[in-house]
Amino acid sequence: MPFTPAIADQRFVLDHITRIADLAATDRFAAASDDVVDAVLEGVGQLAEGEWAPLARAGDTVGAKWTPEGVVMPDGFVQAYHDYVEGGWGTIGVPEEFGGQGLPFAIQTAVLDTLGSANMGFALAPTLTVGAIEALAHHGSPEQQALYLPHLATGEWTGTMNLTEPQAGSDVGALRTQAKPLGDGNWSIKGTKIYISFGDHDMAPNIVHLVLARTPDAPVGTKGISLFLVPKYRLKEDGTPGEFNDVRVVSIEHKMGLHASPTCVLSFGDHDDCIGELIGHEYGGIRAMFTMMNNARLNVGLQGVQVAEGATQMAVAYALERVQSARAGSTSRDSVKIVEHPDVRRMLMRMKAQTQAARALVYLAAAQVDRATLGEAGAQNRLEILTPLAKAHGTDIGCEVSSLGVQVFGGMGYIEETGAAQFFRDARITPIYEGTNGIQAADLVGRKLGLDNGGAFNTLIADMKAEAQDRTLVTLIDTCDEIGRAMMALDADDKLAGSYPFLTMLSVAVCGWLMERQGRIAAAEAPSDFLAMKIAASRFYVDQIVPEALGLKAAATAKADVLYSIAADVFAA
């Protein structure tokens, strides 16, 4: 079934949620004029529709393959990636001094939204490169930036993040990869990293690995971690890829989904000939890692939007063509398209509303990146508190909507040939990687509620209260305010016990606020099919999804005592 870029909704959200015109009015983002934004959305839409979307099924059914020479992508991927690079799509949000176009991060978010909606697994390659660019732009030396950023900015070279090890998943402080000084400013890297997305492939002449490792006599835990730049091929004097750097792909994982994205086990220094450069200061790895991670968490939340968009489009197309049964209550016994049945319409409306809500949430967070870049007061704190919401709730929505997509197809959705199940399988990793959604909830209640002595949370609540009109939405915002204030005084166990339902409540409140705004604006504009859908989706969200979130209050305020009322081994009873 064909893919259509969601340009109308992206433009609407950019205008009314990110308020792109305000960003374009500044010197820093003056290039983001209306005609440029339209050209970017249209241009990347053509690439996604014409080249990336047709490869999605092969990415799933054929997938990336490990060979003794390295990972080989399915037919068509190398050319499609080359066209992405040649089109300059990787340069959108990169500062001009590093070889980019200097457009807002919010526009870059829309570009990745389109590419990932067309082919989510493929889009992981540029998504990860964005994180590597951020780390080098903030922490790299001028020499590192000059040598690597121009190639990463275009996407000619791709980037990776190397955190996880067999014994060190969420506990990053337990990693064991070693970095030993060579006496010439370089370091010898030795160790194994797992779950490295696009850790190897045949689409680029070099891959730039950012690797967390321990130096000799480093303190235990996260305080002793440093970050290193480790290219697949060391650079020659002229800055081009040269000698192999002893970075080997040992295997790729056999996964539930995302088959187009090779998830690699990488071995560094098997022959004691892997050379890396320190990024920033020794023991500064965690700070640099969070520069990558915070960016990645927004982009993973965006993956929830991507998979929801793709699943929704496929479900709508199927419902508009599949004929099954007469409509209940009709005098005619003729079978109708399933879109005419109330429960199918309910599912489709929920899919549309949740997808639009998640897009608004993630784009709002992306806009805070730009506003923080401009030094706007409160923007960094707003970004901090929105990041766990965008990552966790965005990916929860991706899972829900892709599951509904299978349901709309009925039995055919369970058959792989239809493609509906691919979205469901691809989505399931997103609540897990880049910090599980449970970790996002812990971050929200453990760190973000207390930012600025509660000021970041209070101003978010105040902004929502000032604009929200629906009575139930106002009640939800008030309830989040009450629970959030109470949580600040709880002990760790009780705070964490209710953290996930509270994150969902707060996320729905923010989404309800943004959807209600969009509905009001759409109702005031000249009628169109897009605006009619926007009004209906907004009404559905506020009327049906917002009240559901109020039902989570009991779980959000529950204490931890029942969780620890039994011994651990009793769970096996």
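**Close-up 1. Helix α18 in the predicted model, with its span, bend and covering elements.** Helix α18, made up of residues 529-550, counts 22 residues and reaches 32 Å from its first C-alpha to its last, which is close to the 32 Å expected at 1.5 Å a residue. At Tyr 541 the helix α18 bends by about 30 degrees, and Tyr 541 is also one of the buried residues of α18. The other buried residues of this helix are Leu 531, Lys 534, Ala 537, Ser 538, Phe 540, Val 542, Ile 545, Val 546 and Ala 549. An α-helix has 3.6 residues a turn, so residues three or four places apart point the same way. Among the elements that cover the buried residues of α18 are α1 (7-16), α10 (342-373) and α11 (379-409), together with α15 (471-487), α17 (499-523) and α19.

**Close-up 2. The largest nonpolar core, viewed around Val 510.** This core holds 168 residues, and of these Phe 502 and Val 510 touch the most other members. Helix α9, residues 285-321, supplies the largest share of the core with 17 residues. When neighbours within four places in sequence are left aside, Val 510 is in contact with Leu 361, Leu 364, Leu 386 and Leu 389, as well as with Leu 460 and Met 464.

**Close-up 3. Cys 264 and Cys 511, two buried cysteines.** The count of disulfides in the model comes to zero. Cys 264 cannot be assigned a bond because the closest cysteine sulfur, in Cys 274, is 15 Å from its own sulfur, which is too far. Cys 511 is likewise in no disulfide, the nearest cysteine sulfur being that of Cys 480, 11 Å away. Cys 264 has a relative accessible area of 0% and is therefore buried, and Cys 511, at 0% relative accessibility, also counts as buried.

**Close-up 4. The hairpin formed by strands β8 and β9.** Strand β8 (residues 233-235) pairs with strand β9 (residues 241-244) in the antiparallel sense, over two bridges. Within this pairing, Leu 235 stands opposite Pro 241 of β9. Five residues lie between the two strands of the hairpin, and in the turn Gly 239 has a positive phi of about 85 degrees.

**Close-up 5. Ile 566, in the segment after α19.** The helix that precedes this segment, α19, covers residues 553-557. Ile 566 counts as partly exposed because its relative accessibility is 37%, a value between the limits of 20% for buried and 50% for exposed. From C-alpha to C-alpha, Ile 566 and Lys 223 are 35 Å apart in space, and they are 343 residues apart in sequence.

Conventions. Residues numbered from 1 in each chain as written. Predicted model: local features only at pLDDT ≥ 70, side-chain atom pairs only at ≥ 80, totals over all residues. Heavy atoms only, no water. Pairing = 2+ DSSP bridges. Helix = DSSP H or I, 4+ residues; strand = E, 2+ residues; numbered from the N terminus. Disulfide = S-S within 2.5 Å. Buried < 20%, exposed > 50% of the residue type's maximum accessible area, 1.4 Å probe, protein only. Core = buried A, V, L, I, M, F, W, Y, C linked by side-chain atoms within 4.5 Å. Contact = heavy atoms within 4.5 Å. Expected span 1.5 Å × (residues − 1). Bend = angle between axes of the 7 residues up to and from the residue.
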